[in-house]
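Colleague: Before I rely on any label attached to this model, I would like to hear how each one is justified.

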Amino acid sequence: MSQLRFLPLVLCSLASASAAADWPAFRGPNADGIAPGARAPLKWSANEGVVWKTDLPGPGASTPIVSRGNIFVTSYTGYGLTKETPGEMSQLKRVLVCLDAANGKVRWTREVKQEQQVEAFQGPYVTLHGYASSSVAADGERVVCFFGNSGVWAFNYQGEKLWSVNVGNGTNEWGAGASPVFYKNLVIINASMESDPLLALDKTNGKVVWRVTKGFPRAWNTPALVDAGKGKPELVVSTNGRLRAFDPDTGKELWFCQGIRAAELCPSIVAHQGIIYVLGHPSGQAMAVRTGGQGDVTQTHVLWRLEKGSNVTSPVFHNGHLYWVSDSKGIVYCLKGESGEVVYEERLAPKPDRFFASPVLIEGRLYYVSRGRGAYVVAAKPSFELLAHNILAPPDEIFNGSPVPLDGKLLLRSDKALYCIGGK
């Protein structure tokens, strides 16, 4: 997603009254994984630094978001909690939880039943991240949840339902995880896995404002709003073999280029000064593309390609460099954004397991959270330095959600609980 903190038009997608400390969408206020001005602890453990811990009603891979003193996070329950005994899909429920950001106490919960009885998958969909992988988005008045083939739902901050809309009945054994994006009066939804469209819904009533009906194969990433210069935004989606840009006001396609081919494209895009950075593919691919083109820009706007990347985690752009961690290899990367030149690639130690969480940049430090072997804090500079390795829970407690800053503390979400971490 766009890293352009100076872009007023993009920032208008968030409520003007939203506090500076809010984290109102996946990857933060600017959807780039950067928390300017925030603070966070460097070291913690199960016995030190836990300010509060709140049990969640079920597992999930979504990241918590923070808006106006509320924490919103999703879970699922009733089905698919174990591979061996998944149960009946008719019992599947997605749950939106609202917590008090000051103390972690649950203010309210809302359940959404699985109305469409589509075929259930028993493989990695169940065992790795489940049925609550999309993070919610909030604009200061409403919170919007994307529950896959259970639809898009909007609630106010008191938990009252505002509207819901079905966007397709499709599913996949790996599930899906694209999150909603606010833009002006719209909520943009990538429903690639459910029915293959990109949609813009009126945020006040859920009605479709525009729809791009086809051409989003394996596009499981959250759409990115980026600056194409002169305050002109572009909406960019990474699809299998093609990177596509649209006018977010109308849905008109602006340009496309040859993209990354992969069975699934999960990483979100980041951008800086008109350059888009894209990751994908299990064996690793990365590319950089200049914005502002027309038609097929493969030969004119693609700046570089690299056979290194990540299949799940998104990158961070900072001081001219691109940083990320490979989800399966446990390797952290630093590249020069201008050229794609590798500055370093270092295998983390002690050896991690997989990474599904995307990093966050706080106080010049990158926080990489592994699924079951702790969080690695790495200096955000073009020379590798591991600052801390923090283990919060035993390996059977899985952390798929990305870390979130909260008033000098850090929120970490597992499949069992939401933790607030303080200390130094």
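Modeller: Let me start with a pair of charged residues: the side chains of E363 and R365 meet in a salt bridge, with 3.2 Å from N to O. The model is a predicted one, in which local features need pLDDT of at least 70 and side-chain atom pairs count only at pLDDT 80 or more, while totals for chains, interfaces and linings use all residues. Residues are numbered from 1 along each chain as its sequence is written, and side-chain values use heavy atoms, with hydrogens and water left out.

Colleague: What makes the contact of E363 and R365 a salt bridge?

Modeller: The term requires a side-chain nitrogen of Lys or Arg within 4 Å of a carboxyl oxygen of Asp or Glu. The N to O value for E363 and R365 is 3.2 Å, so the pair meets that definition.

Colleague: Why is R365 called buried, and why is E363 called partly exposed?

Modeller: Buried means under 20% relative accessible area and exposed means over 50%, with partly exposed in between (1.4 Å probe, protein chains only). R365 has a relative accessible area of 15% and is therefore buried, whereas E363, with 43%, is partly exposed.

Colleague: Which residues are joined into one network by salt bridges that share partners?

Modeller: That network consists of D139, E141, R142 and K203. Within it, D139 forms a salt bridge with K203, their closest N and O atoms being 3.1 Å apart. D139 lies in the loop between β6 (137-138) and β7 (142-146) and K203 in the loop between β12 (198-202) and β13 (208-212), so the pair ties together parts that are 64 residues apart in sequence. The strands named here are DSSP runs (E, at least two residues), numbered from the N terminus.

Colleague: How do you know whether E253 and R244, which also meet in a salt bridge, are buried or partly exposed?

Modeller: R244 counts as buried because its relative accessibility is 8%, while E253, with a relative accessible area of 29%, is partly exposed.

Colleague: Why is β25 described as largely enclosed by the rest of the structure?

Modeller: Five of the six residues of β25 are buried, and the description therefore follows from that count.

Colleague: What makes β24 and β25 a pair of strands?

Modeller: Two strands pair if DSSP finds at least two bridges between them. Five bridges join β24 to β25, which run antiparallel, and H321 stands opposite K336 in β25.

Technical notes. Helix = DSSP H or I, 4+ residues; strand = E, 2+ residues; numbered from the N terminus.
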